[in-house]
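This report is a first walk through the structure shown below. It takes one chain, then the other, and ends with the contact between them.

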Amino acid sequence: MVRRYIELASQQSSPSEDRSRVVLTGTFCEQPPLALLITLERAGCWIVDDDLLLGLRWFRGEIPEEGNPIENLAQAYLTQSAATASCYAPDGQRGRWLVDAVRQNHADGVIFCAPSFCDPALLEQPMMIAALEREHIPHTQFKYSEDTAQFAVIREQAGTFSDSIRLWSDA
Amino acid sequence: MNRDKLQEAAVQKEQSMVLQKQLIAGYYDSLGRAREDGKRVVSTFVPGNLTELLRSFGLLPILPEINALQSGMRKLSANYIAEAEKQGHSEDVCTYVKCDIGMLKSGNVGPTGVKLPNPDLLLLSYTGCFTFLKWFELLRQEYQCPVAMLHVPYLANGRIEPHHVAYVVQQLHSEVIPKLEQVSGRRYGEAQLSEMLALSAQAEDDFVWVLESAKNEPSPIDAYFGGVYYIGPIFTAFRGSSEGVEYYRMLREEIAQRIRLGLGPVTPEGTMERQRYRLVVEGPPNWTSFREFWKMFYDEGAVVVASTYTKVGGLYDRGFRHDPSRPLESLAEYCLGCYTNLSLPARVDLLEKYIREYRADGFMINSVKSCNSFSVGQLLMLRQLEQRTGVPGGFIESDLVDPRYFSLANIKNRIESYVQMLAQRRAAGVPA
């Protein structure tokens, strides 16, 4: 069904919209409210990559079907999983992941959007921001509360970020 | 000898306080001299610390949480936190981390004014606090030194299983000891480690005796505010040392004397004579207004007879002792059993035991804003404890080392209201 969707989506012709392509990061642990994602898109940001759904990032390749399945799963988890905020990822791994995500998805910038009081996501932000700044990649950051549906301030900030990219970015 | 003279004599005998301060100051001095003394240093955390193992290699531990809380007590933490926030750290995250990062960025001068050496190794013993992982990612970026990772399984079922111990011991053999050998240039010596563990167990016996002295009425100690001084040597660099043994021997003798004289704990306001309420406290204290916080309890005649914070560096009062005959297994069990590594049900069980064993009139939870490991689930714990024991709980909110989150008037108001409620219950004949 997904393959069919991709096929049909690529055939759809629609005028290109004047939006900024962004990578969304920091919301890894639980799916944020859908309204938050809609808010970002309405504010003029196309989310072209994200770190939502942590479980999807544990295994980035095929796991061998031969041999001990538990060992294979453990091996895949240890050697094939993405550097996420839930892992100890030293030496700039997380920053490199983010820069790569921007390059591979032709993104214009990065939105850090972590739940408030989320130590793992918030503590690594300064390191990731430093990696982006070395590459001159625009970014903005804000926090959201997991059980609220009030995103007016976020919409304003994301909209300003998107506008600033479209108006003043080199891209 | 009249009571006043007895009391004066007892206060004069509080030599353990002087010794404790000397030990901690001496520890910081030794860190300051580490380079000229040719000593290597290892940065590590209090819960699940491997002090004896480090010392057996001639290594000195640096404990970032201790630096942070000492900075908090000395009113240095606000500027360090501001510095970390200037570097981009969120106002929401652990203030120990921000205090540590801010101190580092401000020249890495420790709380006693001595410049701290850069660590030669980061030993990440991960016991129940997820923040430790990211904290050491940040430190690794700053210091560029090797990291030894010790993963301690979380005790989801509330008890230590043999496979937990085997898993930790295996990591000690394959990960930790080789890196300590590399950094120190020494071979692992089990005999020396065992000798140190025997000293640890000796100090732990006296430490537990001190904690359990609060079962007396009046209690000769305050097991929270006073308790944080008592845990100082055993949670920092003095486990497995003759200095540590001497401190706890001296402390025990002093408290035995207080029991004989029927005296209460020594507080900054003097000996506490009026003990109206016996409380159990859950959660770390606030360090930036520590004395004011303690005085709020003192003024209400509330003495703390047991606390969970004094168990973050080991649950000795539940029977654990370092065992020289099984050195690495014993260190593994120590790491696994720290309070921060316990599940919520296990924490509730422990608090319930404290309330009953120490005949508490109530319990108080100090929920600190920036410590998710401690604070998550505390309201649920409060409800369960009230249901199980019938003893009323109080709930206050503050922070570890960020003075912006210590609202003196609000906290005082809550403590006074809580104590008034205890008084009304007592007047109405409601059993504790």
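Helices, of at least four residues, and strands, of at least two, are DSSP runs numbered from the N terminus. With that numbering, Asp91(A) is placed in the loop between helix 3 (69-80) and helix 4 (93-104) of chain A. The model is a predicted one.

**Chain A**

Chain A holds seven helices and four strands. Along its sequence these elements come in the pattern α-β-α-β-α-α-β-α-α-β-α. Taken along the principal axes, the C-alpha atoms of chain A fill a box of roughly 55 × 40 × 35 Å. Of the 171 residues in chain A, 31% are buried. For contacts in chain A between residues at least 6 apart in sequence, 78% join residues at least 24 apart.

Helix 3 of chain A, one of the helices that flank the loop of Asp91(A), has twelve residues. From its first C-alpha to its last, helix 3 of chain A reaches 15 Å, close to the 16 Å expected at 1.5 Å a residue. How many of the twelve residues of helix 3 of chain A are buried? The number is zero, so helix 3 of chain A lies largely in the open.

Ile38(A) belongs to helix 2 (residues 34-42) of chain A. Is Ile38(A) buried or exposed? A residue counts as exposed if 12 or fewer other C-beta atoms lie within 10 Å of its own. Ile38(A) has 12 C-beta neighbours inside 10 Å and therefore counts as exposed. Between the C-alpha atoms of Ile38(A) and Ile70(A) there are 39 Å, and the two residues are 32 apart along the chain.

Two residues of chain A have a positive phi although they are not glycines. For Asp91(A) the angle is about 60°, and for His106(A) it is about 50°. The table sets out their phi values, their loops and their surroundings.

| Residue | Phi | Loop in chain A | Other C-beta atoms within 10 Å |
|---|---|---|---|
| Asp91(A) | about 60° | between helix 3 and helix 4 | 13, partly exposed |
| His106(A) | about 50° | between helix 4 and strand 3 (109-115) | 9, exposed |

**Chain B**

In chain B, four strands form an open sheet. Their order is 2-1-3-4 and the pairing is parallel. Strand 2 (60-62) and strand 4 (147-151) of chain B are the edge strands, each pairing on one side only. From one strand to the next, the twist averages 25°.

Strand 1 (residues 41-44) of chain B is joined to strand 2 of chain B by three bridges, and the two run parallel. In this pair, Val42(B) stands opposite Pro61(B) of strand 2. At the other edge strand, helix 8 (residues 162-184) of chain B lies across strand 3 (121-126) and strand 4 of chain B. The angle of helix 8 to strand 4 of chain B is about 165°.

Helix 4 (residues 64-73) and helix 6 (residues 95-105) of chain B have axes that come within 9 Å and cross at roughly 85°. Angles of 65 to 115 degrees count as roughly perpendicular, so helix 4 of chain B is roughly perpendicular to helix 6 of chain B. On the side of helix 4, Pro64(B), Glu65(B), Asn67(B), Ala68(B), Ser71(B) and Gly72(B) take part in the contact. They meet Tyr96(B), Cys99(B), Asp100(B) and Met103(B) in helix 6 of chain B. The residues of this contact divide into five nonpolar, three polar and two charged.

Further along chain B, a cis peptide bond joins Glu217(B) and Pro218(B), with omega at about 0°. Pro218(B) lies in the loop between helix 9 (190-212) and helix 10 (227-235) of chain B.

**Where the chains touch**

Between the two chains, 19 residues of chain B are in contact with 15 residues of chain A. Which elements give two or more residues to the side of chain B that touches chain A? They are helix 7 (131-143) and strand 4 of chain B. Helix 7 of chain B gives the most to that side, with seven residues. The residues of the side of chain B that touches chain A divide into eight nonpolar, seven polar and four charged. Strand 4 of chain B thus appears in this report both as an edge strand of the sheet and as an element of the side that touches chain A.

Terms used: Residues are numbered from 1 along each chain as its sequence is written. Chains are lettered from A and ligands numbered from 1 in the order in which they are written. This is a predicted model: local features need pLDDT of at least 70, side-chain atom pairs count only at pLDDT 80 or more; totals for chains, interfaces and linings use all residues. Two strands pair if DSSP finds at least two bridges between them. Axes are lines fitted to C-alpha atoms, for helices over the stretch in contact, and angles run from 0 to 180 degrees between N-to-C directions. Two residues are in contact if their C-beta atoms, placed from the backbone, lie within 7 Å. A residue is buried if 20 or more other C-beta atoms lie within 10 Å of its own, exposed if 12 or fewer, and partly exposed in between; C-beta atoms are placed from the backbone. Angles under 35 degrees count as roughly parallel, over 145 as roughly antiparallel, 65 to 115 as roughly perpendicular and the rest as oblique. Ala, Val, Leu, Ile, Met, Phe, Trp, Tyr, Cys and Pro count as nonpolar, Asp, Glu, Lys and Arg as charged, and the others, Gly among them, as polar. The expected span of a helix is 1.5 Å times one less than its number of residues.
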